[in-house]
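User: Please take a close look at a single part of this chain, the last helix, and describe how that part is built and what surrounds it. I would like one connected account that also sets the helix within the chain as a whole.

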Amino acid sequence: MADYGLALAGGGTRGAAHVGVLTALEEEGLLPSQIAGASAGSIVAGLYASGMGIGEMRDTVRWLAKHGKNLIDPDVFGIALFLPQIILGKQTSLRGLIKGNRLQNFLCDLTMNMDIQGKCKGILIPAVDINSGDTVVFTNLFHEQIPLSALRLEHVKWERSGSLCEIMMASSSVPAIFRPRPIKNFLLVDGGVTNNLPVDLLIAAGVPKVLGVDIGEKYEKPHDDSIIEIAYHSFSVMSRDLKDCGSGGEVMLLKPTLPKDAGLLTFDCMEECMDSGYVYTKQMIPRIRKVLEKRS
């Protein structure tokens with residue numbers, strides 16, 4: 001294990017590429033000592049922090065590639081009521097096309113309902129509170145008081161406890177697609193709304209050397225004009241522009257080339273994404289070693 005932090009970006013089922021990245025790093029003895037992730041990146045980061053082995057993570061990706069669609073639980077009742085409520089001018093009850101309960105239960109089983117302050121490795125996961133508009137950062141990286149570097153960030157709240165699987169689900173809840181997730185006094189949606197690649201948050205939390213993994217795709221038009229495709233592509237554009245506007249403090253940014261067809265819920269592309277992340281990272285190992293061996 002090397003002394004650095006790894007920040008994983010969101011990107012739907014493209015996030016399987018992160019497992020390929022970790023596989024290559026493990027083979028080279030370069031697994032990170034701290035990890036962060038937003039959206040899909042939070043799921044991989046959370047599994048890693050829970051202590052799951054990289055081999056088991058690869059098996060999980062293979063299982064999801066075949067059975068992941070079974071974890072999608074549409075809000076059939078809310079969808080059925082939505083149009084009549086709109087026509088009648090009533091308050092709509094639909095909070096998201098997908099409930100997200102099956103996926104959260106799956107994540108809770110994988111992480112054994114672990115709390116981030118339990119036996120969890122160093123972890124940082126952002127989500128966004130739609131009640132306040134603030135980014136809520138869940139982390140166990142603060143052993144004592146929160147450092148000034150973290151407190152100086154505007155519109156950021158720091159939380160030092162919480163159920164790991166609930167936090168992972170909250171950070172992955174793409175607005176309008178998944179229901180917001182209530183945690184403590186927050187109503188949380190996807191961390192990628194404000195920070196799709198949480199390099200700056202890791203640095204603010206006191207991790208001086210951070211490697212980033214960006215799985216954002218070169219923009220392609222939606223496969224069709226369905227509500228899921230339109231919402232996901234709109235969200236992707238917003239996340240990309242937010243990342244481009246921010247100053248990258250990572251020592252190196254990895255950008256594996258992934259299948260063009262991979263998107264939010266394209267489970268059948270997950271194994272190919274994982275393999276692409278692995279091959280790319282193996283090719284980048286000499287450069288990765290070089291930047292990690294440099295003194296901060």
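Analyst: The chain, taken here from a predicted model, has ten helices and nine strands, and 54% of its 296 residues count as buried. Among contacts between residues at least 6 apart in sequence, 73% join residues that are at least 24 apart. The accessible surface comes to about 13,800 Å², and carbon and sulfur atoms account for 53% of that area.

Within this setting, helix H10 runs over residues 270–293 and has 24 residues. From its first C-alpha to its last, H10 reaches 32 Å, which is close to the 34 Å expected at 1.5 Å a residue. The helix is nevertheless bent, by about 55 degrees at Ile285, and a proline, Pro286, follows within four residues.

Buried positions of H10 include Met270, Cys273, Met274, Ser276, Gly277, Tyr280 and Thr281, and the list continues with Met284, Ile285, Ile288, Val291 and Leu292. Ile285, the residue at which the bend is placed, is thus itself one of the buried residues. As for what they meet, the buried residues of H10 pack against two helices, H1 (16–27) and H3 (54–67), and against three strands, S1 (2–8), S8 (210–213) and S9 (252–254).

The largest nonpolar core of the chain has 88 residues, and Ile288 is among those with the most contacts inside it, together with Leu6, Leu25, Leu124, Trp158 and Leu254. H10 supplies nine residues of this core, the largest share. In soluble globular proteins, nonpolar side chains tend to be buried together.

Another of the residues with the most contacts in the core, Leu124, offers a view of its surroundings: leaving aside residues up to four places away in sequence, Leu124 touches Ile35, Ala36, Gly37, Val137, Phe138, Thr139, Leu141, Trp158, Pro198, Leu201, Leu202 and Ala205. Trp158, in this list of neighbours, is likewise named among the core residues with the most contacts.

Helix H3, one of the elements that H10 packs against, also belongs to the cover of another helix, H5, whose buried residues are covered by elements including H2 (40–49), H3, H7 (164–171) and strand S6 (181–183). H5 spans residues 101–111, and its buried residues are Leu103, Gln104, Phe106, Leu107, Cys108 and Thr111. After H5 comes Met112, with a positive phi near 55 degrees.

Technical notes
Residues numbered from 1 in each chain as written. Predicted model: local features only at pLDDT ≥ 70, side-chain atom pairs only at ≥ 80, totals over all residues. Heavy atoms only, no water. Buried < 20%, exposed > 50% of the residue type's maximum accessible area, 1.4 Å probe, protein only. Contact = heavy atoms within 4.5 Å. Areas by Shrake-Rupley, 256 points an atom, 1.4 Å probe, with all protein chains shown as cover. Expected span 1.5 Å × (residues − 1). Bend = angle between axes of the 7 residues up to and from the residue. Core = buried A, V, L, I, M, F, W, Y, C linked by side-chain atoms within 4.5 Å.
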